Amino acid sequence: MAEKPKEPTQLTLDLEETKASTSAKSNTSSYKVVLKDDAAQTPSRPAVRRKPSVNTRSMTVKISSRNKTDSPARKPKSSTQTKQGGVSVRTRVQTVRTAEQPNPHLVQTHAVKGKSTTVARPKVQPPPIGKRKGYRKSKAAMLLIPLLAATLLFCIAILWWVISTQRDEYHVVMSPLVEDRPVIALNIERGMTARSVSLLLQQSGVVEDAQALLAYIVENDLATILKTGSYLMNNTMSFEEIGKMLTAEPEMVQLTIPGAFTLETIDAYLVNRLGFEQGTFLQSSHDLATAYGLSFTEGWLLGGTYSVNRQRAANDLALSMHQAMLEEVRKHLSSPLLEQYSIEELLIIASMIQAETQDVNQMPGISSVIHNRLKNNEPLGIDATTRYELNDWVNPIPTHALETKTPYNTRRRVGLPPTGICSPTSDAVQAAFHPADTPYFYYLHDTDKQIHFARTYDEHKENIKLYR
């Protein structure tokens, strides 16, 4: 009977650490391979022939610093090979390299730094907000500029509307009948010859060639009949116009200008009295302001009675009234109020006094109230200035005119109006430069034109109940 085949013996690989002699090899490790025949262990299934494979196993062993210092000259082996039971086992031994030791497999191009060395990095400065690439503004920032532009345009429109509205409501002296032109004031004195008059007109800029003007005067036999006096001329006049003005027959006429007459009232008076064209006196008064460099004409003309040449009554009257005002002002140059106010401001006050009353005895008290309010920085509250602005001296003042803040509304505005409001008399000028010394801040006229003063507003309300 044939012998039953014996099952193949299974070999078990057991790795055990072989304790080698520390004196022989203290820096290596080795393993022993033991092949055991385990007959009791039976496989769960028949052995299958497998494809042979090669497994490589490596182990890293750290060498202690003590051994390294003990034998610095010995070079550790990279690997060892032993035989156990006919099987050759190769064990790879690797020395651990510290951070201070260079890598032998790399080309060292720079010195190795220690762990404590820190690398200085450049400080990165971020770009400002709004300048970064790809930065997107917020919706609020994008709407801010259009909103500011719209607000600015709205404010400009409101300002333009206010100015245009006020300009329409103001009493404008310079009407369309008045021409803005260069004017020269001249005085032809007694004893001046035709040649001296021609030279004076050339020096003043009325004519360009004095010799040509003199030739015209001589050819037309005007040299012996030139008239003395004050004249208003401009550089647009012809030789013929100049000759007629300087040789006009002295047909004199006497004109009386009451106090409180305005420029428009005087112009209408000349139209009715002498048959002048409307606007003639307005043009003459405007030429006067241009010739003498006045900031306004209303208030610079003194009311009174004047004798003027009929042919040139408008120019002569404006010149005569202004010369009379200059003479009146010279009488009051010693007034202490000139330290606080200019002459023009005091003439504005004189025109307001004249418009408020025609009674000479009431003028110093009204002047006192005006100066007390100006000193206390209070509105003057004079209705005559608003009437001048509206050019209406008869009808009641509309409520909207009293509530609108304009340069001539002294109820809503502190200080003086920009110009005078009429032609004052010498008594009004005297009261403006020398007011009475009183504690009053209010006054009113009753139905009999009598004036009543008050210190406080409560007293003023009592006067309203008693006399109105």
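Is the crossing of α9 and α13 left-handed or right-handed? In this predicted model, the crossing of these two helices is right-handed. The sections below place that crossing in its surroundings and then turn to one further helix and to three buried polar residues.

**Overall content**

The protein contains 14 helices and 10 strands, and buried residues account for 32% of its 468 residues. Of the contacts between residues at least 6 apart in sequence, 62% join residues that are at least 24 apart.

**Helices α9, α10 and α13**

Helix α9 spans residues 343-356 and helix α13 spans residues 426-433, and their axes come within 8 Å of each other while crossing at roughly 125 degrees. That angle makes α9 oblique to α13. On the α9 side the contact is made by Leu 346, Leu 347, Ile 349, Ala 350, Ile 353 and Gln 354, and on the α13 side by Ala 428, Val 429, Ala 431, Ala 432 and Phe 433.

Helix α10, residues 363-375, also packs on α13, at an angle of about 40 degrees and with the axes 8 Å apart; α10 and α13 are therefore oblique to each other. This crossing, that of α10 and α13, is right-handed. Here Met 363, Pro 364, Ser 367 and His 371 of α10 meet Asp 427, Ala 428, Ala 431 and Ala 432 of α13.

The remaining pairing is that of α9 with α10, which pack at an angle of about 130 degrees with their axes 10 Å apart. That makes α9 oblique to α10, and α9 passes α10 in a right-handed crossing. The residues that meet are Leu 346, Ile 349, Met 352, Ile 353, Gln 354 and Glu 356 in α9, and Met 363, Ile 366, Ser 367, Ile 370, His 371 and Leu 374 in α10.

The three pairings are set out here.

| Helix pair | Crossing angle | Axis separation |
|---|---|---|
| α9 and α13 | roughly 125 degrees | within 8 Å |
| α10 and α13 | about 40 degrees | 8 Å |
| α9 and α10 | about 130 degrees | 10 Å |

**Helix α4**

Which residues of helix α4 are buried? In this helix, residues 210-219, they are Ala 210, Leu 213, Leu 214 and Ile 217. Because they cover an arc of only 100 degrees around the axis, they lie on the same side of α4. An α-helix has 3.6 residues a turn, so residues three or four places apart point the same way. The buried residues of α4 pack against α3, residues 194-204, and against α5, residues 239-246.

Both ends of this helix can also be described. At the N-terminal end, Asp 209 acts as a cap, with a side-chain oxygen 3.1 Å from the backbone nitrogen of Gln 211. After the helix comes Asp 221, whose phi is positive, near 55 degrees.

**Buried polar residues**

Two threonines belong to the loop that links α12 to α13. Thr 406 is found in this loop, with α12 covering residues 399-403, and Thr 406 counts as buried because its relative accessibility is 4%, where the cut-off for a buried residue is under 20%. Which side chain does the side chain of Thr 406 make a polar contact with? The partner is the side chain of Glu 389, at 3.0 Å. Thr 406 and Glu 389 are 17 residues apart in sequence, and their C-alpha atoms are 9.2 Å apart in space.

Thr 410 is likewise found in the loop between α12 and α13, and it counts as buried at 1% relative accessibility. A polar atom of the Thr 410 side chain lies 2.9 Å from the backbone oxygen of Ile 382, and the Thr 410 side chain also makes a polar contact with the side chain of Thr 385, at 3.2 Å. Both of these partners recur among the residues that Thr 410 contacts once neighbours within four places in sequence are left aside, a list that reads Pro 379, Leu 380, Gly 381, Ile 382, Thr 385, Gly 415 and Pro 417.

Ser 284 offers a case inside a helix, since it is found in α7, residues 280-292. Ser 284 is buried, with a relative accessible area of 4%. Leaving aside neighbours within four places in sequence, Ser 284 is in contact with Leu 232, Ala 314, Asn 315 and Ala 318.

Methods:
Residues are numbered from 1 along each chain as its sequence is written. This is a predicted model: local features need pLDDT of at least 70, side-chain atom pairs count only at pLDDT 80 or more; totals for chains, interfaces and linings use all residues. Side-chain values use heavy atoms; hydrogens and water are left out. Buried means under 20% relative accessible area, exposed over 50%, partly exposed in between (1.4 Å probe, protein chains only). Helices (H or I, at least four residues) and strands (E, at least two) are DSSP runs, numbered from the N terminus. The arc is that of the directions from the helix axis to the C-beta atoms. Contact means heavy atoms within 4.5 Å. A polar contact is a pair of N or O atoms within 3.5 Å; within protein, one must be able to donate a hydrogen and the other to accept it, and residues adjacent in sequence count only if both atoms are side-chain atoms. Axes are lines fitted to C-alpha atoms, for helices over the stretch in contact, and angles run from 0 to 180 degrees between N-to-C directions. Angles under 35 degrees count as roughly parallel, over 145 as roughly antiparallel, 65 to 115 as roughly perpendicular and the rest as oblique. A crossing is left-handed if the near helix is turned anticlockwise from the far one by less than a right angle, and right-handed if clockwise.
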